[in-house]
Amino acid sequence: MAPELLEKKKAERREGLPPLEDVGGNGVVMRFAPNPSGPLHIGHSRVVILNDEYVRKYGGKFIVRMEDTNPAKVYPEAYDMIPEDMDWIGAKVHEYVIQSDRFDLYYKVARELLESGHAYMCDCDQDEWREKKAHKIACPHRDQPLEKNLEMWGRMFSGDYAEGEVSFVIKTDINHPNPALRDFSALRIVEEPHPRKGTKYRIYPLMNLSVAVDDHYLGLTHVLRGKDHQNNTFRQEYIFNYMGWKIPHYIHYGRVKIEGAQLSTSVMKEGIMDGTYTGWDDVRLGTLRALKRRGIRPEAIRKYWVEVGVKQVDIQFSWENLFAYNREIIEPEAERYFFVADPVRMEITGAERITGEAPILPNRPENGYRTYNLKATEGVIVVYAPGKDVGGKEGLFRLKDLCNIEIKNGRAIFAGNDLAAIKKGAKIIHWTPADSLPGELLMPEGTKLTGLVERGILQGSGEMVQFERMGFARIEKRGKKGIKAVFAHR
RNA sequence: GCUCCCGUAGUGUAGUGGCCAAUCAUGCAGGCCUCUCGAGCCUGCGACACGGGUUCAAAUCCCGUCGGGAGCACCA
């Protein structure tokens with residue numbers, strides 16, 4: 001028998017995203033529909049990446065649609081921040097659409113729905129209406145004649161009603177077993193001025209109307225949305241069916257639980273206002289701006305979400321896994337330096353001169369070395385070491401890439417340069433020469449570590465560095481007076 | 001209360017009836033390495049929620065239980 005037949009066949013492991021169904025010759029048309037209430041955060045990035053990946057894979061069009069049909073939730077600067085974030089994350093957007101430019105279209109469709117008997121005008125008390133619906137009871141307006149609906153429609157537009165007094169309701173099935181799917185409002189009065197349109201409009205669509213209308217008129221073929229929209233999809237399907245439109249493929253992905261970063265736009269906004277946060281790129285926030293500042297590469301975020309995929313399972317976001325992908329990207333190019341936090345001054349005796357060198361990039365020695373040439377003044381050579389490593393401790397230590405020292409009775413004595421010391425149990429620590437620069441390292445919790453950084457960092461130019469034995473960091477400021485860096489991860 | 005969705009190692013993921021005593025990544029533990037709490041190499045740890053059924057055969061199909069999530073707004 002041929003040997004290959006004896007071997008166990010391993011099933012091919014699927015790479016990348018699962019294929020999309022029913023892709024036509026012109027590819028796909030997909031959308032990302034953010035509410036412009038603030039900049040994008042890590043949660044948004046999932047659907048952005050997924051859409052972008054599919055449009056790249058199949059060709060077609062990626063539309064970003066600003067869903068600003070609730071003036072109270074609009075943060076005007078977001079109209080500019082979102083495209084910036086899309087660019088940073090590396091998404092290729094073919095078209096931007098703003099819903100507040102399309103009110104007339106929503107009115108037109110709503111009017112058609114009213115005339116075809118699939119909707120009604122209702123001025124019931126909101127609470128009573130909801131209560132009736134919960135018990136499968138139709139409100140008196142549900143079956144009123146078209147003339148009456150048209151009359152109320154006209155009065156809504158002419159200003160006879162105040163906010164909250166009337167709404168345009170789409171009929172579904174008042175007896176539907178799923179209470180979430182019984183008749184729903186689709187147009188309501190909003191008096192608050194719109195950041196882009198001022199007081200031009202008073203009648204605002206609710207998302208189920210505007211989304212259905214736009215998904216149709218923008219020609220969407222496939223829509224990715226969170227599982228929390230499942231019922232909205234069912235509601236919108238009523239509109240599609242009433243209008244005789246072809247329904248795009250709606251694909252629902254599971255909820256993502258993200259811990260360890262602030263994602264609530266309102267909390268972030270408030271915190272920035274009152275000074276709790278330094279801005280939208282405060283490292284404690286989960287915004288893309290904050291991640292950028294922390295040295296997280298968009299490619300790592302992309303890889304992470306592609307790996308997670310589009311399943312309906314709810315998942316736990318893993319910073320560890322994201323960092324692992326990021327590390328893979330930055331590790332080869334992050335220049336190595338020593339940063340000593342909480343430095344302890346050490347006076348090494350027993351040597352007049354100590355020299356050493358260390359590669360700037362361990363895997364690319366051709367990129368050069370940091371060289372150390374320390375000379376004694378009045379019999380001592382001064383270096384600084386991390387308080388947590390040497391504070392109050394004794395024994396044999398290896399100053400990485402320099403020499404061994406023996407700490408005894410609080411004094412440091414030169415102990416040769418034999419690497420065998422490591423085998424004998426000498427703890428490897430990092431250190432910094434006497435002429436080092438002040439350094440500040442901003443940690444993800446918002447705290448700052450202060451310490452010393454070796455001068456060689458001034459020769460470097462890369463954005464990302466690795467402070468050996470501490471982790472990767474992004475350099476924000478580099479100058480003769482010192483450096484400021486933001487911690488990324490180990 | 002009603003309705004919908006989901007349930008593979010710590011985390012994410014592959015797997016749609018036999019090739020699964022279950023894939024890959026990450027994590028963790030140990031080892032190697034003339035020097036990092038980084039990288040690389042090697043070894044190990046670790047999962048089909050549970051119970052029935054269908055079948056010669058089930059992670060994969062059916063039913064039930066349990067567990068998780070979502071919705072029932074004139075927010076998105």
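**Exercise 1. Contacts with the RNA**

Task: In this predicted model, find which part of RNA strand B lies 3.5 Å from a polar side-chain atom of Arg490, and then describe the surroundings of the strand.

Solution. Step 1: Starting from Arg490, one of its polar side-chain atoms is found 3.5 Å from a sugar or linking oxygen of RNA strand B. Step 2: Asn231 also places a polar side-chain atom by a sugar or linking oxygen of RNA strand B, here at 2.9 Å. Step 3: With Gly164 a polar backbone atom takes part, and its partner, 3.0 Å away, is a base nitrogen of RNA strand B. Step 4: Looking at the strand as a whole, 68% of its atoms within 4 Å of the protein belong to sugar or phosphate, while the rest belong to bases. Step 5: There are 62 residues around RNA strand B, and those that come nearest are Arg13, Lys73, Leu206, Gln312 and Arg398. Step 6: Sorted by class, this surface has 26 charged, 19 nonpolar and 17 polar residues.

**Exercise 2. Elements around the RNA**

Task: Determine which element gives the most residues to the surface near RNA strand B.

Solution. Step 1: Elements that each supply at least two residues of this surface include helix H5 (126-134), strand E6 (184-189), helix H8 (230-243) and helix H12 (319-330). Step 2: H12 gives the most, with 5 residues.

**Exercise 3. Two packed helices**

Task: Decide whether helices H4 and H7 are roughly parallel or roughly perpendicular to each other.

Solution. Step 1: Helix H4 (residues 103-115) packs with helix H7 (residues 207-217) at an angle of about 105°, and their axes are 10 Å apart. Step 2: Angles from 65 to 115 degrees count as roughly perpendicular, and H4 and H7 are therefore roughly perpendicular to each other. Step 3: On the H4 side, the residues that meet H7 include Leu105, Val109 and Leu113, while H7 contributes residues including Leu209, Val213 and Tyr217. Step 4: By class, the contact of H4 with H7 has 8 nonpolar, 1 polar and 2 charged residues.

**Exercise 4. An open sheet**

Task: Work out which strands stand at the edges of the sheet that contains E4, E5, E6 and E7.

Solution. Step 1: The 4 strands form an open sheet in the order E4-E5-E6-E7, with antiparallel pairing. Step 2: Strand E4 (119-122) and strand E7 (203-205) each have a single partner strand, so they stand at the edges, and one side of each is left without a neighbour in the sheet. Step 3: Neighbouring strands of this sheet are turned by 25° against each other on average, direction ignored. Step 4: E4 is joined to strand E5 (residues 167-170) by 4 bridges, and Ala119 has Ile170 in E5 as its bridge partner.

Technical notes: Residues numbered from 1 in each chain as written. Chains lettered and ligands numbered in written order. Predicted model: local features only at pLDDT ≥ 70, side-chain atom pairs only at ≥ 80, totals over all residues. Heavy atoms only, no water. Axes fitted to C-alpha atoms, helices over the stretch in contact; angles between N-to-C directions. Parallel < 35°, antiparallel > 145°, perpendicular 65-115°, else oblique. Contact = heavy atoms within 4.5 Å. Nonpolar A, V, L, I, M, F, W, Y, C, P; charged D, E, K, R; others polar. Pairing = 2+ DSSP bridges. Near = heavy atom within 4 Å. Polar contact = N/O pair within 3.5 Å; in protein donor to acceptor, adjacent residues only side chain to side chain.
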